[in-house]
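User: I am new to this structure and would like a close look at a single part of it. Please take one strand and follow its partners, step by step.

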Amino acid sequence: MEQTLAVDHQSAGKMKFLIGGLLIVAAIVYLIVSSTHANAQYFLTVDEIYSKGAEVQNRDLRISGAVIGDSIQFDPQTLNLTFTIANIPGDNKEIEAQGGLAKVLHDAVVDQNNRTLTVIYNGPKPDLLRDEAQAILTGKVGNDGIFHADELLLKCPTKYEEALPDQAE
Amino acid sequence: MIADLGLGALAITLVVSIYGTVAAIYGGLKSKAEWIESARLAMLLTFPLISISALSLIYLLVNGHYEFEFVTRVTSNSMPTYLKVTALWGAQAGSLVFWSWLMSAFASAVTLRKWDRDREFLPWVIVVSLVTLMFFVSLILFFENPFARIWRMPDGQFIAALFQPAGGVLASLRDGQGLNPFLRHPGMTLHPPTLYLGFVAFVIPYAFAIAALITGRTDDRWIRITRRWTLIAWLFLSLGLIIGGRWAYDVLGWGGYWGWDPVEISAFMPWLTGTAFLHSVMIQEKRGLLKHWNMVLIILTYSLVIFGTFLTRSGVLSSVHAFAASAIGPLFFGFIVLTFVGSLYLLLRRWDDLKSEGTMTSLLSREALFLLNNLLFMGILVVCFWGVIFPLVSELVTNQKVTVGPPFYERATAPLFAGLLLLMGIAPLSAWRHSTAKTLGRAIWKPTILAALVGIGAPLALGIRSWAALLGFFLVALVAFVTLYEFWRGMMARRRTQGEALPVALANMIARNRRRYGGYIIHLGVVLMAIGIIGMEMFQKETQGTVPAGGSISFEGYKITYQSLSSFDTPDGRNVTRAVVNVEKNGKNVGELYPRRDFFFESQQPVTIPGVRSTWEDDLYIILVDWLPISSQGATFKVFVNPLVNWLWLGGFVFILGTLVAAWPDNEPELATARKRRRAAAPAEA
C-alpha cells in the first residue's frame, strides 16, 4: 500500500517537470515563430523585383547586386548616398557556373542590357562601396521604384588573378 | 626546400595518424598494451610533425616567398613581421594548418597525462583525436594546400598547383596582395588563435565522452578527468568571442561590437552548448542525474565546433544565403553528419547504462534550476541555429529565399537572456534536492528589495522610463547582490569558525572551492557585461554633421570642434587622412580625438578608424565620414555616444578572471571533487 503511494507521488513529481518543461519549450517556440514572422526579409534579385512588381513594394526585402561605380553619388552634407546596382544571380551555384563571383560582378556591370535598380541610402559611405563590388542591401522598394536601403553590406571578391599579369616576370 | 619539408611533414602526419588510429583500435579491441602504447607515441609525434609544417609555412610568409599562392594572398612586402606571422590564419588554407597545429598540441598534451587509473580510455581518446586530426590534415593536403605554387602556363594563364604542370614555369612575383586591411589589428592577432584554442580544446572532453561510451565505463569519471579541459576550452572560447567583439568595435567603425552575423553566431553556438554542459555536469557530479543529457551536450558541442571552424573560415556564409560554395563544404557536412550519427549510435547503445541514480523531486531545487538554465541555453541555441538555416529551409519549403536579420535574434533571445539572469539570481540561494517557495522566498526577499531600490529606483531617478531597461537593471542588480551576499556569507562563516580576518577568509574560501567561487566571479563578470550591453542596446545615440574647420557639433553634452585635417602616406603602404577634433564635455575641455581613414594601396581599400574617448559613463565614438578638398576644409563626422559600454570590457575581464580561478589546477583535483561529492550527498549540505 505504502509502495503504490510512493509511486503515485513520484509520477506526480514527473508530471510537474513535464508540464513545466513543455511550457518553456512552448514559450521558446512562440518566440522563434513570432520573431521570424515579424522580421522575415525576402531575398530577391534585381530581376525578381521587376518581375514581381507591385507585389513586393513596401515589404522588407534583401537584395543583392553588382555596384556600378560611375553611378555612385554621395553628398557629404546630407549623407545621402545614391548608386545603381545591376542584376546578378541570387543562387551561388549559378554564380559558380558562370565563372565565379568576380566574373559575374564584372559581366553584370559591363553588360548594358542588364536590369538595374537605383538605391538610396542615408549614412556614411561604406569603405567597400566601389565599382564591381557585391552589394547586399536591406530595405524597401518605394512607390517611386527606388530601393530605400536601411543597411548596406558590401563584398569585394579577391582579384589576385587580375593583379598577377602586371607584375609577373 | 623549406616548403617541401613542410609539405612532407604534413603528409607524414597523415600516415602517422592513420597508423595511430588503426593501432589504437586494434590494441583497444584485443587489449594489447603494446599496440596502444605504439598508438600513443604516434599521437605524440603529430605535434612535432605539424610544428615543422606550420613553422615552414611561417618561414615562407615572413620571407616573402610569393611563388606560393597562399603567401601572395595574405602578405606583402610592406607588412611588419608580426603581421606576416599572423597572416598564417589570414585565409582558409593557413587557418586549417593552424587549427591542426593546435589540435595536435592538445592531443599530444593529453597523451602525457598520468593514465594509470584510466588505461581503458586511452585507445579511444587516441582514435577520436586522431580521426579529427586526420580529417583536417586531409583537407589541407588534398583540397586547401597552402604549399601550392603559382605556375605560368605557355598560354599566359596562371594556375596554382602543388606540382609543376606540363609546360608550366614557376611564376616569380615581387610582391603579394597583403593581408586584408581589416585584419591588420592587434585584436586580429589574438582573436582567431583564442577562438581556435577554444574550439580544439573541446575535442578532448568529447574524446573522453566517446571513450566512456565505447568502454562502458559510464560513471562520471570522464567528466572528472575532463573538467579542467572543458574549462580551458570554455575560457579560450569566451576570450575569443570577447576579443572579437572588441575588434569589431575598434575597427569596423559602425559603433557596435556584435552584429548577429552568421559567422559570429557559428562561434557563439558551441559556446552556448559548452556553457550548458559546464552547468549540467555539476548535477551529474553531485546527484548522478542527467547523464544522457551531458553526453548529448558534449556531442553537440563537438559538432558545432567543427561546423564553426568551417563557417568562420570558409566564407561560405558571407554570401549571406548559400551554404556550399567551397569545395570542402560537402566534406565538412559529411564529417559532421558522420561523427554526429556515430556518436548518437554509441550513446543509444549505452542508453540503459546511463540511468540516473535518483530523481528530481522539487521544482525549485538547485538541480531543477540548473535544468532550466540548460533549457534556456538550448533555447538560445535553437534561435541561433534557426536564424542561420532559415534561408535554406524557406527556400526548400516555399522556393523563396527569406532571411532574418539582427532584429530577429534580438527579439527572440532577449527574454531568454533575461531568464538566465533571473536564474543566476535565484539558483545560488536554492538548495540541492529540496527547496520550496517558502525557503527560497526567505532567502531572496532581502536581495530583491535591495535590487529593486538600486536597479529600478536609481535609473528612475536618472530619468530612465523604458520598462525593458528597468527590468534589465533590476535583474542585473539582483544577481550582483545575491552573488556578493554569497561571498559575504562564506567569509563571515569562516571568520566565525576559523577566526580568520575577512581578506584571509576570502582568499581561503576561494582557494578551497575554486569552481564555486570562480563561477560566482564569472557571474559578476556577466553582470558587468550586461550593464554595458543594456547601455549600448537601449541608449546608444548617434548623429552626423558636416562642419567647416573651426565649426562644431553639439550632442548629448559634448561639443565636438573640428580643427584640422591632414593627409599623408606611411611607409607600410597606406595613405592616412586624419582629422583633429577637440572635445568638450559640459563646457570643460577634455582633449583631442583623431578619427581617420586609412587607404591601403595594395588592396585599394579604405579602412575607417574611429576616434574614441572612453569613460565609465559613456564612450564618445567619432567616425570621419568624408571631407571636402583640403582648400575648403569642411569635413563630415558621424558621432556615437555609447553609454556604459566600457562596463562590457571590464565585465569580460572579470569573466576571464573567474574562469581562471575555476580552472586553476588543484594539487589533486580528482580527489578533491570526490570529497566534495561525498559531502554534498549529505542532505543537510546546501
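Analyst: In this predicted model, a good place to begin is A:Ala40, whose bridge partner in strand 4 of chain B is B:Val404. That pair belongs to a pairing between the chains, in which strand 1 of chain A and strand 4 of chain B, residues 402–404, run in the antiparallel sense over three bridges. Within chain A, strand 1 also pairs with strand 2, here in the parallel sense and over four bridges, and A:Leu44 stands opposite A:Ile63 of strand 2.

Strand 2 of chain A carries the pairing onward, since it is joined by seven bridges to strand 3 of chain A (residues 80–87), with the two running antiparallel, and A:Asp75 has A:Asn80 of strand 3 as its bridge partner. The hairpin of these two strands has four residues between them, and A:Leu79 there takes a positive phi near 60°. Strand 2 of chain A also pairs with strand 5 of chain A, residues 134–141, in the antiparallel sense over six bridges, with A:Ser64 and A:Ile136 as bridge partners.

Turning to the wider interface, 46 residues of chain A are in contact with 58 residues of chain B, and the two chains bury about 4,700 Å² between them, 60% of it on carbon and sulfur atoms. Strand 1 and strand 2 of chain A, together with helix 1 and helix 5, each supply at least two residues of the side that touches chain B, and helix 1 gives the largest share of that side, 14 residues. By class, this side of chain A has 22 nonpolar, 14 polar and 10 charged residues.

Notes. Residues are numbered from 1 along each chain as its sequence is written. Chains are lettered from A and ligands numbered from 1 in the order in which they are written. This is a predicted model: local features need pLDDT of at least 70, side-chain atom pairs count only at pLDDT 80 or more; totals for chains, interfaces and linings use all residues. Side-chain values use heavy atoms; hydrogens and water are left out. Contact means heavy atoms within 4.5 Å. Buried area is the accessible area (1.4 Å probe) that two parts lose on being put together, summed over both. Ala, Val, Leu, Ile, Met, Phe, Trp, Tyr, Cys and Pro count as nonpolar, Asp, Glu, Lys and Arg as charged, and the others, Gly among them, as polar. Two strands pair if DSSP finds at least two bridges between them.
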